[in-house]
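Notebook open, viewer loaded. I'm jotting down what I look up as I go, one stop at a time.

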Amino acid sequence: MGEFKVHRVRFFDYMPSAIRTMAFNSQTERLAVARADGAVEIFNFNDNFFQEKVIPGQDGRATEALCWVGHRLFSAGLNGEITEYDLENLRPQYTVDAYGGPIWTISSNSQGTQLAVGCEDGTVKIFAILEERIQFQRNLNRHKGRIISLCWHPSSAQIAAGMTDMIKIFDAETGHATRRLLVDRAMGASKNKEVVVWSVGYLSDHTIISGDSAGKVQIWNGLTGTLVRTYLVTKWDVLVLSVSKDESSVIAGTSEGTVIQFQFISSTVDQHDKEWVRTRTFRNHSHDVSALAHTDTAVVSGGMDTQLVVRPLLDKVEKNTQESALRKIAFPHRSLVGCAKKAGLLLFQFPDRLELWKLGESEGHVCLMYPYFVCRFLQGEDHICCSALSACGGWLAYSTVSSVRLYRIQYNNTISINKVGTLARACSRQPVHLLCASDDGKWLATANTDCEIHIYNLHKMKLHCMVPVYNSCPTTIAIHPVTNNLISVHADQQIFEFSLVQKEYTQWSRRLQAQGLLSLWLERDTPITHITFNPKNPDHIILHDTYMFCIIDQSLPFPELNAVLWNQMTLKSLPVSQRIGQSHAFKICKSFQHLMCVSLLEDLSLVVVERPLLDIMSQLPAPVRQKKFAT
């Protein structure tokens with residue numbers, strides 16, 4: 001792979017935000033995740049858990065709960081509004097004020113015809129789900145105190161609502177409370193402290209399951225209103241519950257960072273009498289687990305440590321397979337850093353702005369000039385989806401949900417920036433999430449979450465062609481500076497090379513697809529987020545994910561399907577004869593963590609941009625839920 005002078009960049013202050021809530025759509029295999037900054041992310045579990053869409057947050061629009069109704073996504077928050085999202089244009093489609101103060105919870109009935117929200121003023125409000133909007137129908141009987149959690153019975157006839165010190169069962173038609181379940185307070189010094197029912201589940205057999213601030217998971221008979229069993233699972237709060245689709249399993253997330261599973265199984269040999277039994281404890285988080293989803297085969301969890309964890313249930317999947325592997329989904333799933341390798345410029349993308357930086361200079365071990373800030377592009381209300389900087393540093397393009405914008409940059413001692421124009425959108429319903437420009441400034445490639453890649457001719461300012469649609473979303477794209485071939489890598493880890501001149505896949509790409517990629521490459525669970533090229537060797541394609549970077553040498557043969565992906569540091573220690581035997585096109589280096597960009601400059605110095613090692617928790621208030629509750 002050679003040796004390089006390295007620019008290690010660690011001043012890109014990308015700060016992930018805590019996960020507040022999530023909702024899983026079993027029909028489309030999509031997971032919606034809401035973060036503390038108000039952003040909502042959509043993950044496609046059918047496409048290697050790829051983060052295919054990001055809906056930007058807005059000031060004062062913190063999301064407290066999410067709910068899928070078919071293909072439609074709704075949220076509610078402490079601003080007192082219900083929001084339906086436009087999943088094509090990645091923005092709120094409309095908002096409705098519930099007129100009940102802050103909304104703590106939202107849930108739909110099983111038929112998808114009604115929404116229920118729990119409000120600060122003690123009311124459960126019912127909204128009818130119409131074709132294009134929602135419409136207020138009625139309030140259920142008002143309760144003194146806020147409604148914190150609720151869940152519909154599968155028949156849609158009753159609603160269980162969690163509040164302070166109790167759970168109420170409402171008749172959804174008349175609005176009257178038919179049962180009141182009193183929740184025991186904690187023992188000892190906390191006996192006088194109110195208990196908040198953070199989460200409830202309502203099963204087909206009228207079993208009610210609750211999780212509360214006293215650390216209890218309780219099983220109730222909803223027909224008689226009696227307590228069946230109590231499990232004390234933590235000294236702190238049980239923040240969230242999630243029930244499996246077949247109602248045979250329940251998971252609970254706690255303030256200690258644990259996730260606890262309960263299963264409805266027989267505890268005796270004869271298998272006749274079933275009961276709810278605590279079966280597993282998962283410890284994959286360092287702090288509060290505030291969001292859970294129970295899929296058919298896995299437990300999905302998230303919280304204040306910002307990580308989205310997919311924990312397979314080994315009794316539901318085949319062991320020692322890719323499906324049985326634990327996943328901690330890294331963020332972001334697309335590159336937020338661009339590099340102009342001829343000009344030594346770096347472009348950092350934030351939701352509301354772009355920052356341009358100049359790399360430093362050195363001679364040997366002596367630093368002649370430190371990196372310095374050049375300029376900032378401020379974006380208005382629309383969220384920046386993706387951005388690209390040409391190799392010469394003279395062109396900058398970025399996209400929002402509504403347009404693709406192009407700028408001409410002239411930089412000597414002073415900088416001049418001129419807007420060239422707004423490119424028209426192609427035949428596509430989805431917003432662009434990837435951009436790249438060719439070195440000669442002639443071509444611009446865009447990709448969207450419909451898996452479409454469009455090629456624009458910037459000299460003619462019009463669409464040149466469209467790449468054949470592949471059924472997995474592109475995670476990164478780049479145009480080769482010598483051949484003008486487009487390289488694309490997709491969420492399922494497949495790699496393609498497309499000729500912009502011939503408008504077809506290259507012979508190298510066809511050979512690669514005919515032979516197939518090696519299994520160790522396809523089994524990787526982090527997407528490739530950036531591609532660059534070796535200016536001194538056109539056969540070298542350099543790409544990376546969060547944990548490794550790889551040089552693909554197009555002059556070498558493809559590896560066998562069962563070949564080993566040797567770390568180059570390990571391979572270097574082997575005898576020459578063994579090294580020759582392991583020589584193939586894929587050369588891997590795993591010596592990095594939290595990579596955000598790897599690029600080669602014209603002087604063959606390597607730019608490595610790493611995510612800063614921030615103590616996320618030190619920048620967040622400790623008991624976020626308790627603070628909100630108190631206010």
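I started at S213, which sits in the loop between β19 and β20 (216-221). Strands here are DSSP runs of E with at least two residues, helices are runs of H or I with at least four, and both are numbered from the N terminus. S213 is buried at a relative accessible area of 17%; buried means under 20%, exposed over 50%, and partly exposed in between, with a 1.4 Å probe and protein chains only. I then looked for what its side chain reaches, and found the backbone nitrogen of V196 at 2.8 Å. That is a polar contact (N or O atoms within 3.5 Å; within protein, one must be able to donate a hydrogen and the other to accept it, and residues adjacent in sequence count only if both atoms are side-chain atoms). Skipping residues up to four places away in sequence, S213 touches E194, V195, V196, W198, W236 and D237. Contact means heavy atoms within 4.5 Å.

Some bookkeeping before I go on. I'm working with a predicted model, in which local features need pLDDT of at least 70, side-chain atom pairs count only at pLDDT 80 or more, and totals for chains, interfaces and linings use all residues. Residues are numbered from 1 along each chain as its sequence is written, and side-chain values use heavy atoms, with hydrogens and water left out.

Same loop, next lookup: G215 is also between β19 and β20. G215 is buried, with a relative accessible area of 0%. Its C-alpha lies 8.5 Å from that of Y231, with the two positions 16 residues apart in sequence numbering. Leaving aside neighbours within four places in sequence, I list Y231, L232, V233, T234, W236, D237 and V238 as contacts of G215.

Then the backbone angles. Most residues other than glycine have a negative phi, which is why I went looking for exceptions. H206 is not a glycine, yet its phi is positive at about 70 degrees. I find H206 in the loop between β18 (197-202) and β19 (207-212), and at 19% relative accessibility it counts as buried. D165 also has a positive phi of about 70 degrees without being a glycine. D165 is in the loop between β15 (158-162) and β16 (166-171), and it is buried at 15%.

On to helix α1, residues 507-515. Which of its residues are buried? I get W508, S509 and L512. Seen down the axis, they fall within an arc of 100 degrees, so they line one face of the helix; the arc is taken from the directions from the helix axis to the C-beta atoms. Q507 and A514 are exposed on the other side of α1. The cover over the buried residues of α1 includes β46 (495-499), β47 (504-505) and β50 (549-553). After α1 comes G516, with a positive phi near 95 degrees.

Cores next. A nonpolar core is a set of buried Ala, Val, Leu, Ile, Met, Phe, Trp, Tyr and Cys residues joined through side-chain atoms within 4.5 Å. The largest one has 31 residues, and those with the most contacts inside it are F12, M22, L31, L308, L346, F348 and V609. A second, separate core of 23 residues includes I487, L512, L518 and W521. I also pulled up L31: beyond four places in sequence, its contacts include M22, F24, F43, A293, V300 and L308.

Cysteines. How many disulfides are there? The count is zero, taking a disulfide as a pair of cysteine sulfur atoms within 2.5 Å. For C339, the nearest cysteine sulfur is that of C597, at 5.7 Å. C339 is buried at 12%, and C550 is buried at 0%. C386 lies in strand β36 (residues 386-389) and is buried at 4%. Its contacts outside four places in sequence include Q349, Y398, V432 and L434.

Whole-chain totals to finish. I count five helices and 53 strands in the protein chain. Of its 631 residues, 58% are buried. Among contacts between residues at least 6 apart in sequence, 48% join residues at least 24 apart.
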